[in-house]
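Please work through the following exercises with the sequence and the coordinates open beside you, taking each solution one step at a time.

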Amino acid sequence: MNKTLIIVPAYNEAGNIERSVADIREHKKDCDILVINDCSTDNTSEVAGETKNCKVVDLPVNLGIGGAVQTGFKYASENGYEYCVQFDGDGQHNAAEIDKILDPVMKGEADVFIGSRFLKKEPNFRSTFARRKGIFIFKIVNLILTGQKITDNTSGFRAYNKRATEFLSHNYPEDFPEPESVVLLGRNGFRIKEVSVNMKERQNGSSSIYGLRIPYYMFKVLLSVIMTSLRKRKIYA
Amino acid sequence: MLSNINTDKIQYFAVAGSIILLFFIIELIRRKKIKEQYSLLWLFFGTGFIVLSIWRDGIEEIAVVMGIAYAPAAFLLILVMAIFLILIEFSIIISKLSDNVKVLVQEIGLIKEKMKKIEDKK
């Protein structure tokens, strides 16, 4: 059995999922791929299943990205995987870079590695003004609350070791989980590091955060992050 | 003119209304429309309203204790507090339920995958 599980959360990604799975398989032979179909209304599940390259978990109700990714952590814990990689199914992440975040976790350099778009001085990822401001605020809040210098809190391209996977299978935030989970992990004593990666412009579909959702997103995430830092540490760490 | 109004009337309404409310809640519990553990606040405030509607001077005395000059304001305050507490209880219950639903949905997804694997092996 492979030691690594690649978790690919997918909601209505029929147009991207085949390429994403093929892309992962091409660059990473010694891993299992798990697509979490978050109750898509299109045929994401069928398209993923037909690739024969991955396992598919179909959720009967839409849980959002947090609940979907956590299902992957639960699967990994139950089936004894040593490492997990979170890889979005929308074609943004680059499968050729999986080793960049996975190898250092395997070497024990940290419990969690995040693929960051902003580690380099001149980011090669084009982003809107509002998004850059938001990312900057998360960076500052994270620094104040946990003392961690994380440049890309919103990145969903991450690698975890077994201990972190086990922890997250029990505790994972629901909507917009990325910034919150960084604080949660940091507060509970997990070592988090970043490595610079490139992300592609999304090929199909659009960002889930737009319009009035932006202030809601900022407020909800900041509230969750502050609450997380006020809670007692869990016993796992 | 106001002094001509028979204020006993409203007391009858108040007593009748609070008794009906309490019985309605008890009936809902009996028919299992409300679970016992979620009915405690309703029963507590339902009983409280009966007491206050029968004991007319009660609300005056409570107002004095609370330092409120206008007794009906004290009653409204108690009423608003009761509604707040019950609504907060609802938020807690809803949060717990949505958490439970999440876990169940995840488990169903994982079990379905496991079953498919077993069926494919056959």
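Two exercises follow, one on a helix and one on cysteines, and both concern a predicted model.

**Exercise 1.** Determine which residues of helix H5 of chain A are buried, and explain how they are placed around the axis.

*Solution.* Begin with the extent of the helix: H5(A) runs over residues 129–146, and its 18 residues reach 26 Å from the first C-alpha to the last, close to the 26 Å expected at 1.5 Å a residue. Next, list the buried residues, which are A:Gly134, A:Ile135, A:Phe138, A:Val141 and A:Asn142. These lie on the same side of H5(A), because they cover an arc of only 125° around the axis. An α-helix has 3.6 residues a turn, so residues three or four places apart point the same way. Then look for the partners of this side: the buried residues pack against helix H7 (177–187) and helix H8 (213–230) of chain A. Turning to the face directed away from the buried side, one finds the exposed residues A:Phe129 and A:Ile144. Finally, step past the end of the helix, where A:Gly147 follows with a positive phi, near 75°.

**Exercise 2.** Establish how many disulfides there are over all chains, and examine A:Cys39 and A:Cys84 in turn.

*Solution.* With a cut-off of 2.5 Å between cysteine sulfur atoms, the count over all chains comes to zero disulfides. For A:Cys39, the nearest cysteine sulfur is that of A:Cys54, 18 Å away, and A:Cys39 itself is partly exposed, at 28% relative accessibility. For A:Cys84, the closest cysteine sulfur belongs to A:Cys31 and lies 11 Å from its own, which is too far for a bond; A:Cys84 counts as buried, at 1% relative accessibility.

Definitions and conventions: Residues are numbered from 1 along each chain as its sequence is written. Chains are lettered from A and ligands numbered from 1 in the order in which they are written. This is a predicted model: local features need pLDDT of at least 70, side-chain atom pairs count only at pLDDT 80 or more; totals for chains, interfaces and linings use all residues. Side-chain values use heavy atoms; hydrogens and water are left out. Helices (H or I, at least four residues) and strands (E, at least two) are DSSP runs, numbered from the N terminus. The expected span of a helix is 1.5 Å times one less than its number of residues. Buried means under 20% relative accessible area, exposed over 50%, partly exposed in between (1.4 Å probe, protein chains only). The arc is that of the directions from the helix axis to the C-beta atoms. Contact means heavy atoms within 4.5 Å.
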